[in-house]
Amino acid sequence: MKIGAVLACACAFGLFTAGTALAQADQMSELKQKIEALEQTTQDLKKQLEALEEDQKDQAEDVEKIKDKPSAREAVREALAKDFNIGAHFKLFLADYTDGERNDVDQNNNLAAGINTLWLYFSKGLNDWLSFTAAPRIDVLAAATPALGADIDRSSDADVDIELDEAYFSLRAPYPYNVEAKVGAIYPYFSNEYASKTWWHEQYHGNNALVTLQDWQSTGIELYKNFDFPFMSLPVYFYPYLNGEDRSRNNDSRFTDNNGDKHILLHLAPEKYLFGGSLKLLASLGWGRWDDDGDNNSWQYALGADIKYKSINVSGEYLARLREDWELADGSTGDADDEGWYVRALYTINEEWRVLAKYSDVDLFFPAPTEMLEDNYKTLSLAINYWLTSGSTIIPQVEYVDAERSGSSETLEYLRWTLGWRTTF
């Protein structure tokens with residue numbers, strides 16, 4: 001009995017002890033799982049923290065980039081400034097005086113100094129084949145240049161006039177075409193001297209009446225291509241579309257037209273280099289219709305030559321501009337013809353000094369009430385060019401003008417002395 005009781009107690013204690021051990025093993029396993037889960041959570045949090053720190057670092061870099069990035073206004077300003085150029089041509093005189101006769105009566109104007117013209121040039125490259133150029137012009141007008149039909153005088157008041165002298169797009173076709181184009185308000189190549197503005201640093205005043213004959217400003221299209229041959233170079237300027245052929249009598253007419261018939265113009269300038277110099281021939285031919293109804297022809301042609309040899313440059317042009325059937329005040333008509341010629345000789349002494357002599361003989365039409373008359377101007381100009389810098393020239397100039405109007409007693413003869421200053425930059 002006692003032994004059985006002891007055995008029973010021992011079995012009960014063993015069962016209790018085994019149950020307790022099993023319970024502890026389960027608790028340890030559960031605790032281990034919780035620790036592993038906690039470690040996994042810690043790893044996940046660590047990864048999230050690292051990712052958050054990386055994001056914050058990227059954000060900080062973005063903030064610095066934003067700080068360094070220009071504002072929208074600055075970005076626009078930077079874009080506009082890229083490939084942008086500005087220049088000017090300034091024309092002023094330090095002394096100007098004219099003494100002469102109108103209709104055999106002695107006259108003169110007062111000695112004066114002043115400003116004539118300021119051109120501003122703005123150009124912007126839009127890409128490698130397209131650019132834009134604009135040139136506003138500011139004129140100070142004092143009516144000091146003597147002309148037939150008016151006294152030799154100088155206005156006591158000056159008018160300031162602002163106009164758009166040039167405004168055009170430039171286009172350049174790639175190789176092998178090598179064609180350049182201008183579209184807008186331009187100086188067509190009718191007179192090579194006038195369109196290229198080569199005389200600006202040679203004379204302060206252009207020869208009287210000759211500038212009127214040479215001047216051609218218009219709105220339209222210019223196509224330019226240079227053809228190179230073994231024996232010569234051939235620049236070609238072709239204008240398939242021009243608004244009329246203004247001749248400095250109404251400069252604003254180039255921005256519109258009085259009829260639907262456009263002008264066309266061709267200018268050739270073949271050049272040959274020989275004996276240490278060069279010979280350039282010049283030719284222009286233009287046609288259109290000038291009247292409101294588009295019935296009457298307008299013809300323009302020019303022939304010239306330019307010879308350079310060492311320090312001497314001699315050139316000249318004959319120019320004609322013809323308008324058919326100009327209506328006079330009494331209802332009759334007459335052909336309105338401007339024509340004339342010039343020859344100039346330029347001698348370069350050194351880099352600072354040059355001497356110019358230029359003579360011209362020009363007839364300009366003058367519509368009287370009952371007939372078409374002609375104003376003839378013979379002008380001799382002598383000038384010295386002293387170059388202060390490569391773009392700034394002091395120009396003492398004297399010019400003698402002898403003019404008369406056909407079919408009338410109107411005459412004009414004078415000497416004009418000018419100390420001028422032209423600067424291009």
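**How do you know? Contacts, burial and salt bridges**

Trainee: What makes the link between the side chains of D306 and N313 a polar contact?

Mentor: The two side chains are 3.1 Å apart. A polar contact is a pair of N or O atoms within 3.5 Å; within protein, one must be able to donate a hydrogen and the other to accept it, and residues adjacent in sequence count only if both atoms are side-chain atoms. The 3.1 Å value falls within 3.5 Å, so the name fits. Keep in mind that this is a predicted model, where local features need pLDDT of at least 70 and side-chain atom pairs count only at pLDDT 80 or more, while totals for chains, interfaces and linings use all residues. Residues are numbered from 1 along each chain as its sequence is written, and side-chain values use heavy atoms, leaving out hydrogens and water.

Trainee: Why is S278 called buried?

Mentor: Its relative accessible area is 7%. Buried means under 20%, exposed over 50%, and partly exposed in between (1.4 Å probe, protein chains only), so S278 is buried. The S278 side chain also makes a polar contact with that of E271, at 3.4 Å.

Trainee: And why does N385 count as buried?

Mentor: Its relative accessible area is 0%, so it is buried by that rule. The N385 side chain reaches the backbone oxygen of E202 at 3.0 Å.

Trainee: Which strands hold S278 and D306?

Mentor: S278 is in β11 (residues 277-289), and D306 is in β12 (residues 297-309). Strands (E, at least two residues) and helices (H or I, at least four) are DSSP runs, numbered from the N terminus. There are 4 helices and 18 strands in the chain.

Trainee: Which residues does D306 contact beyond its sequence neighbours?

Mentor: Leaving out those within four places, its contacts (heavy atoms within 4.5 Å) are S278, L279, K280, N313, V314, S315 and R344.

Trainee: What keeps D306 and R344 from being a salt bridge?

Mentor: Distance! A salt bridge needs a side-chain nitrogen of Lys or Arg within 4 Å of a carboxyl oxygen of Asp or Glu. R344 is the nearest side chain of opposite charge (Lys and Arg are positive, Asp and Glu negative; His and the chain ends are not counted). It lies 4.3 Å away, so buried D306 has no salt bridge.

Trainee: Why do oppositely charged side chains pair at all?

Mentor: They can do so when their charged atoms come close. In this chain the count comes to 12 salt bridges.

Trainee: How do you know that R137 and D165 form a salt bridge?

Mentor: Their N to O distance is 3.6 Å, which is within 4 Å, so the pair qualifies. It links distant parts of the chain, with R137 in β4 (residues 130-141) and D165 in β5 (residues 159-172), 28 residues apart. Both R137 and D165 are buried. R137 also meets D139 in a salt bridge, at 2.9 Å.

Trainee: What makes R416 and E399 a salt bridge?

Mentor: Their closest N and O atoms are 4.0 Å apart, so they just make the 4 Å cut-off. R416 sits in β18 (residues 411-424) and E399 in β17 (residues 392-405), 17 residues apart. Salt bridges with shared partners join D96, R154, E399 and R416 into one network.
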